[in-house]
Amino acid sequence: MTQDDAAATSPVVGIDLGTTNSVVAGWVDGKVQVFAEDGTALVPSVVGIAPDGRLLVGQAAMNQLVAFPERTIASVKRRMGQAEMLTLADRTHTPQEVSAIILRTLKERAERALGCPVTRAVITVPAFFDELQRSATREAGELAGLTVERIINEPTAASLVYHAGSDERRQIMVYDLGGGTFDVSIVRSEGGVVEVLASKGDTSLGGDDFDAQLARHVADQFLEQHGVDLMDDSRTRWRLLTACERAKRELSTATTARIAEEFIATVGEREVSLDVEIDRHDYEKLIADLVDQTVSCADDALRDSGLTLAQIDELILVGGSTRTPLVQERLRAEYAREPQWSVDPDVAVALGAATQAASIAGRQVGPVLVDVATHTLGVAAVEGEGYFDEELVFVPILRRNSPLPARYEDDFSTRHDGQEKVQICIYQGESPTLDENIELGEFFLEGLNASDGCDGRIVVRFELSVDGTLAVTAIERRTGISRKLAINNALSEMKRQSKTTAAERLADLEGFATTEIVEIEEAEVPPNATRQQKTVSRAQQMLPTLGEEDAADVQRLLTQIDEAKASGDTAALDGVVAELDDLLFYIAG
Ligand code: AMP
């Protein structure tokens with residue numbers, strides 16, 4: 001089989017899972033292309049259940065958003081990584097389940113275009129997404145039946161489209177303003193390598209907020225005139241927001257737009273219609289503060305990158321909201337550059353993801369991707385001497401903007417001699433104050449050598465892979481006792497709910513056939529065994545030498561250990577390990 005044959009049998013697609021719209025692209029006829037249907041590449045990121053119980057995705061769901069807001073979910077990307085359940089008609093779903101439904105639709109679209117099954121994907125996320133949000137995105141992909149080969153940052157993907165294959169050194173600001181999220185990155189493309197120097201963003205700022213500002217303005221006028229607040233009723237609010245979104249787009253090319261909605265409210269006995277004209281200048285005043293926020297974020301990213309403005313060669317615009325004239329004007333004025341958007345800003349990210357996907361599938365497409373850590377990662381530690389002085393502080397180990405893959409470690413002391421266990425609490429964030437950062441997970445390193453002193457006893461190692469999977473290992477230096485936690489798996493809220501439950505909830509949703517779900521595995525690999533591992537490995541070594549009855553007893557306890565581990569029941573686990581220990585002692589005796 002040639003390299004090309006191998007790649008052809010297993011296509012990898014690129015997916016831009018957007019707040020407003022999603023796009024899937026892949027390798028066709030020697031180049032990356034978006035998979036469009038009915039004349040459009042954009043699939044609205046909307047999921048609904050029709051009154052007759054049918055599952056609706058994309059435009060069909062979008063069409064019922066105004067009529068049945070309670071049966072429809074939009075902008076789910078803003079909820080990714082959160083524990084809350086979303087209501088969809090009479091059902092509830094996690095954000096990743098709703099995203100899985102959108103991803104499944106994109107997967108099917110790609111399969112129709114390529115004429116073969118598609119099971120592998122590169123999915124993009126805003127650079128500012130934290131570990132929880134990335135992890136939830138990965139899980140959504142798995143629930144949709146996709147192996148998520150890489151999670152890459154949206155601006156990084158966009159820069160890949162502009163500079164795939166070029167050897168020339170370019171330093172680029174990628175400004176990405178979509179429907180619900182904003183990201184800005186400073187990237188360097190050189191010799192076929194794209195490196196993200198810095199990323200900043202706001203996961204809840206985008207074109208939706210422009211719509212909301214305009215809607216509030218129109219609703220205030222209506223309230224003054226008719227005494228009814230159009231934002232109070234969910235159906236009316238959606239009608240108004242949809243009309244404002246349309247007007248906003250018109251204002252990108254025209255200087256005025258009309259917002260007209262027939263019989264939008266009942267005032268006394270009368271049905272009243274809405275009919276107002278909006279001037280571009282007035283609209284721009286409404287959104288000026290939001291645009292300023294994006295510019296100050298861009299300034300921060302530039303500062304973080306260590307480059308000066310003069311060193312920026314190019315300013316690339318990505319995301320539908322960059323069509324807003326005020327955005328382009330502000331950027332032109334602030335950065336003295338003509339913004340580039342020669343690749344359609346709606347599909348640039350998906351094309352970049354497909355470029356990366358194609359290179360994973362073995363195609364010769366250009367740059368290798370070097371990404372950076374988007375957040376600082378570290379642990380909680382006690383600082384100060386004595387009871388009253390002690391304070392929990394954040395100790396950074398792997399700094400923001402470290403090139404990936406990254407591996408950093410630091411030494412820690414125990415609080416007193418002979419301490420037998422330590423708790424490792426993992427945090428993500430930029431603040432020296434622990435509480436202002438996000439806790440990602442925790443674990444204990446137990447069975448430490450009681451005869452050791454405190455100083456520099458424990459090494460904590462952070463390893464962050466190119467797709468943002470974090471592994472944290474704590475090691476007792478002298479004995480080598482260690483424990484490792486893979487954050488990508490162990491972190492997620494979804495783990496608490498279990499993937500199986502998620503799959504079951506999707507399975508009974510009409511129109512969504514689930515594929516096999518792989519159970520999440522928690523990594524815990526102590527090379528120098530704990531009591532449990534020693535006992536298990538001794539039992540396994542003894543098994544072939546035992547008589548039938550003893551072997552059956554040992555096997556029964558080994559199975560019980562597996563079950564206790566799988567259910568996370570540590571009390572039961574300790575009990576069975578002790579029983580096995582006793583049994584081995586008795587047999588050996
Ligand atoms: P994206 O998340 O990149 O798909 O961008 C979607 C956002 O772009 C939505 O808020 C749209 O309302 C907005 N958008 C699309 N076209 C335009 C336009 N011509 N002018 C201003 N905003 C637009």
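**Notebook: a small sheet, helix α8 and a helix pair**

I looked up the sheet and found three strands in the order β6-β5-β7, forming an open sheet with antiparallel pairing (two strands pair if DSSP finds at least two bridges between them; strands are DSSP runs of E of at least two residues, helices runs of H or I of at least four, numbered from the N terminus). I noted β6 (55-57) and β7 (72-74) as the edge strands, each pairing on one side only. Neighbouring strands are turned by 15° against each other on average, direction ignored (axes are lines fitted to C-alpha atoms, for helices over the stretch in contact, with angles from 0 to 180 degrees between N-to-C directions).

The model is predicted: local features need pLDDT of at least 70 and side-chain atom pairs pLDDT 80 or more, while totals for chains, interfaces and linings use all residues. Residues are numbered from 1 along each chain as its sequence is written, and side-chain values use heavy atoms, without hydrogens and water.

I then followed β5 (residues 46-49), which pairs with β7 in the antiparallel sense over three bridges. V46 has A74 of β7 as its bridge partner.

Next I examined α8 and recorded a kink of about 50° centred on I287 (the bend is the angle between axes fitted to the seven residues ending at a residue and the seven starting there). Just after α8, G306 takes a positive phi of about 80°.

Last, I checked α5 (residues 154-163) against α10 (residues 348-360): their axes come within 7 Å and cross at roughly 80°. Therefore α5 is roughly perpendicular to α10 (under 35 degrees counts as roughly parallel, over 145 as roughly antiparallel, 65 to 115 as roughly perpendicular, the rest as oblique).
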